[in-house]
Number of protein chains: 2
Amino acid sequence: MIRVAVDAMGGDQAPATEVGGVAMALRELEPTFAVTLVGQPAAIERELSRHGDLDRTRLDVVPADDVVSMTDKPLSAVRRKPDSSLVVGMRLHQAGRADAFLSAGNTGATLAAATVILGLYDGVERATVASLCPTADGPVLIVDAGANVDCSARELINFARLGNIYMRDVVGRAEPRVGLLNVGEEDEKGGAVVRETHRALREQPRLHYVGNIEGRDVVVPHPRFGHIDVVVCDGFVGNVMLKFYESMGGLVDGVIRRDAPGLLRSPELAPLRRFLDISEYGGGPLLGVRGVTIICHGASTPRTIRNAIADAVEAARHGLRDHIEAELALQPAPHPAA
Amino acid sequence: MIRVAVDAMGGDQAPATEVGGVAMALRELEPTFAVTLVGQPAAIERELSRHGDLDRTRLDVVPADDVVSMTDKPLSAVRRKPDSSLVVGMRLHQAGRADAFLSAGNTGATLAAATVILGLYDGVERATVASLCPTADGPVLIVDAGANVDCSARELINFARLGNIYMRDVVGRAEPRVGLLNVGEEDEKGGAVVRETHRALREQPRLHYVGNIEGRDVVVPHPRFGHIDVVVCDGFVGNVMLKFYESMGGLVDGVIRRDAPGLLRSPELAPLRRFLDISEYGGGPLLGVRGVTIICHGASTPRTIRNAIADAVEAARHGLRDHIEAELALQPAPHPAA
């Protein structure tokens with residue numbers, strides 16, 4: 001049975017959201033997993049009592065009294081708060097007492113804790129937070145989703161390699177198509193780092209690199225390459241684009257309310273509105289660290305947490321960690337100069 | 001009467017698209033303007049003959065035999081093709097024989113031609129292509145929309161100043177709200193250039209700077225500041241976001257076709273689909289040069305050209321050039337070190 005450790009104290013509404021999400025996951029998902037809630041036991045039990053009968057054989061609580069806040073500096077939070085739910089949960093995973101770890105807390109601190117406690121794979125210098133986004137033709141993985149605002153070509157190449165393995169082994173795309181987000185398709189487009197990354201990705205073995213792609217090719221099929229599975233970009237661009245995408249539900253509602261308010265009551269509009277409720281899709285996998293860590297945003301709902309638990313179970317079940325280790329060994333790491 | 005010079009040979013389907021757009025503009029818009037089509041006379045006349053009776057007192061043709069292609073290098077195209085429709089049209093504007101110039105051709109070359117022929121305002125080191133995007137609450141101006149992939153803080157500050165004047169004087173927002181696109185609202189967010197720009201924009205007089213904004217605040221009202229009028233970003237981020245936005249019509253169609261195909265026939269869906277057909281909104285004003293130049297993308301339709309002509313007339317009618325000149329003189333230019 002796969003065990004997922006959940007940081008109960010991470011999100012903006014912790015621990016209510018996390019406990020609510022765990023309750024949903026235990027009730028709704030296939031019972032192939034167990035959950036360890038990590039945090040302040042009294043607060044967790046109080047929330048648990050609001051969810052009626054849960055299968056407590058698949059649920060335990062590990063105490064952690066301290067909390068990393070959204071404003072804590074990442075590295076110092078990890079060092080100065082060894083009894084925080086974040087650090088205790090990550091250590092459970094590192095020690096093999098959980099197969100995956102999940103937090104809706106401070107992203108930077110989670111990234112730092114994973115890097116320090118789990119460690120990075122050989123040849124990887126920086127971990128990345130990826131985000132799995134919906135399209136009408138299946139999900140697309142955006143790497144980086146916001147953790148790293150400035151990236152070297154070497155880092156972007158590693159994001160491509162890691163994202164490729166995730167989409168192949170966890171999401172099940174046979175030969176993921178990888179694109180580099182740019183302002184045009186031509187080789188000379190973009191700044192120096194992007195141009196260098198483009199050249200190097202063309203030389204990467206074991207990667208189905210389609211080339212430079214544009215903003216319009218991220219969630220709509222590319223005219224020649226079709227659906228792109230992995231979109232590589234620095235975290236600044238990735239974050240702006242993802243948050244822009246998140247706002248599309250509000251935009252569509254606003255336009256319909258203004259121009260065709262009768263449509264708001266139509267049941268036929270419900271699938272589109274549900275689709276555009278991007279915030280509920282789950283978390284983003286943290287890639288590059290030796291383990292399975294899923295990061296949710298602070299404003300997550302219980303449904304986000306439930307979906308992220310499903311993602312964590314799937315990643316652990318597919319042995320993501322071992323797969324990445326084995327696969328990276330088959331690929332030459334990008335040259336340090338790149 | 002305002003005269004707009006139109007580069008007839010710029011777009012992917014030139015001159016058919018340009019001539020079609022001019023015909024639409026002459027038929028549909030208030031007759032406060034005249035048009036000069038610049039390009040190969042035989043090709044232009046052949047296209048004109050397909051549009052029946054047009055008011056030829058408001059339409060003339062200035063011959064230019066050469067054409068700047070999409071793959072020409074910007075500066076060398078301007079220098080080596082003095083008889084191109086781009087250079088001839090820009091010179092008409094510079095000489096005062098046209099009050100505005102419009103091209104759907106090579107953006108880099110149009111930027112270069114405008115910079116060389118019209119010249120930059122004092123204190124402005126680089127022109128910017130802005131894009132006016134629709135939201136349910138009125139348009140938002142994105143500066144830069146893709147012309148400048150790497151920007152200094154000084155350049156971003158000038159984009160904010162120029163975009164502010166455009167939204168106030170041409171679009172008519174009394175006190176435009178200006179936001180800096182970032183990955184979070186806190187002062188320490190973003191890379192070095194963005195942090196420096198944020199600090200400097202807070203000190204800019206005559207600018208209603210609301211602070212850092214996120215991707216979700218661009219086309220949906222900000223929870224505290226409401227509708228943002230001017231979004232400042234480098235051209236890489238701006239281009240990716242704009243093209244992503246352009247793809248939303250295709251995404252919405254794809255989701256509805258998959259999940260609720262009956263809705264596709266509903267007339268109530270028409271306003272949303274029309275709204276999301278971003279490509280037809282018109283062109284982007286080129287800001288920072290001494291004149292009124294509108295850039296359309298190469299894949300423009302006749303309706304895009306028609307709408308861009310309306311924008312050009314509006315900008316010329318409001319004396320955009322003189323306004324910017326006067327307004328910039330009232331504002332201290334950003335410090336060269338910034």
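This passage describes a predicted model of two chains, moving from the pairing of the copies to helix packing and then to one loop residue.

The relation between the two copies comes first. A turn of 180° combined with a shift of 0.0 Å along the axis lays chain B on chain A with an RMSD of 0.1 Å. The copies are thus related as by a two-fold rotation axis. Both copies use the same surface, since 100% of the contact residues of chain B recur in chain A.

The contact itself draws 42 residues from chain B and 42 residues from chain A. On the side of chain B that touches chain A, helix 8 (235-246), helix 9 (248-259) and helix 10 (270-275) each contribute at least two residues. Sorted by class, that side of chain B comprises 24 nonpolar, 10 polar and 8 charged residues.

Within chain B, a helix pair brings together two stretches of the sequence. Helix 1 (residues 16-28) of chain B packs on helix 11 (residues 302-317) of chain B at an angle of about 55°, and their axes are 7 Å apart. Helix 1 and helix 11 of chain B are therefore oblique to each other, and their crossing is right-handed. From helix 1 of chain B, the residues T17(B), E18(B), G20(B), G21(B), V22(B), M24(B), A25(B) and E28(B) take part, meeting P302(B), R303(B), T304(B), I305(B), R306(B), I309(B) and A310(B) of helix 11 of chain B. The residues of this contact divide into 7 nonpolar, 4 polar and 4 charged.

In chain A, helix 4 and helix 5 (residues 107-118) cross at roughly 35°, their axes coming within 10 Å. The crossing of helix 4 and helix 5 of chain A is right-handed. Helix 4 of chain A contributes L86(A), V87(A), M90(A), R91(A) and Q94(A), while helix 5 of chain A offers A109(A), T110(A), A113(A), A114(A), I117(A) and L118(A). By class, the contact has 8 nonpolar, 2 polar and 1 charged residues.

The residue S84(A) sits in the loop of chain A between helix 3 (74-80) and helix 4 (85-94). Is this loop residue, S84(A), buried or exposed? S84(A) counts as buried, because 28 C-beta neighbours lie inside 10 Å, where 20 or more suffice. Apart from neighbours within four places in sequence, S84(A) is in contact with A64(A), D66(A), V67(A) and V68(A). As for T17(A), 67 residues from S84(A) along the chain, the C-alpha atoms of the two residues are separated by 18 Å.

Notes
Residues are numbered from 1 along each chain as its sequence is written. Chains are lettered from A and ligands numbered from 1 in the order in which they are written. This is a predicted model: local features need pLDDT of at least 70, side-chain atom pairs count only at pLDDT 80 or more; totals for chains, interfaces and linings use all residues. Copies are superposed by least squares on the C-alpha atoms of residues with pLDDT of at least 70 in both. Two residues are in contact if their C-beta atoms, placed from the backbone, lie within 7 Å. Helices (H or I, at least four residues) and strands (E, at least two) are DSSP runs, numbered from the N terminus. A residue is buried if 20 or more other C-beta atoms lie within 10 Å of its own, exposed if 12 or fewer, and partly exposed in between; C-beta atoms are placed from the backbone. Axes are lines fitted to C-alpha atoms, for helices over the stretch in contact, and angles run from 0 to 180 degrees between N-to-C directions. Angles under 35 degrees count as roughly parallel, over 145 as roughly antiparallel, 65 to 115 as roughly perpendicular and the rest as oblique. A crossing is left-handed if the near helix is turned anticlockwise from the far one by less than a right angle, and right-handed if clockwise. Ala, Val, Leu, Ile, Met, Phe, Trp, Tyr, Cys and Pro count as nonpolar, Asp, Glu, Lys and Arg as charged, and the others, Gly among them, as polar.
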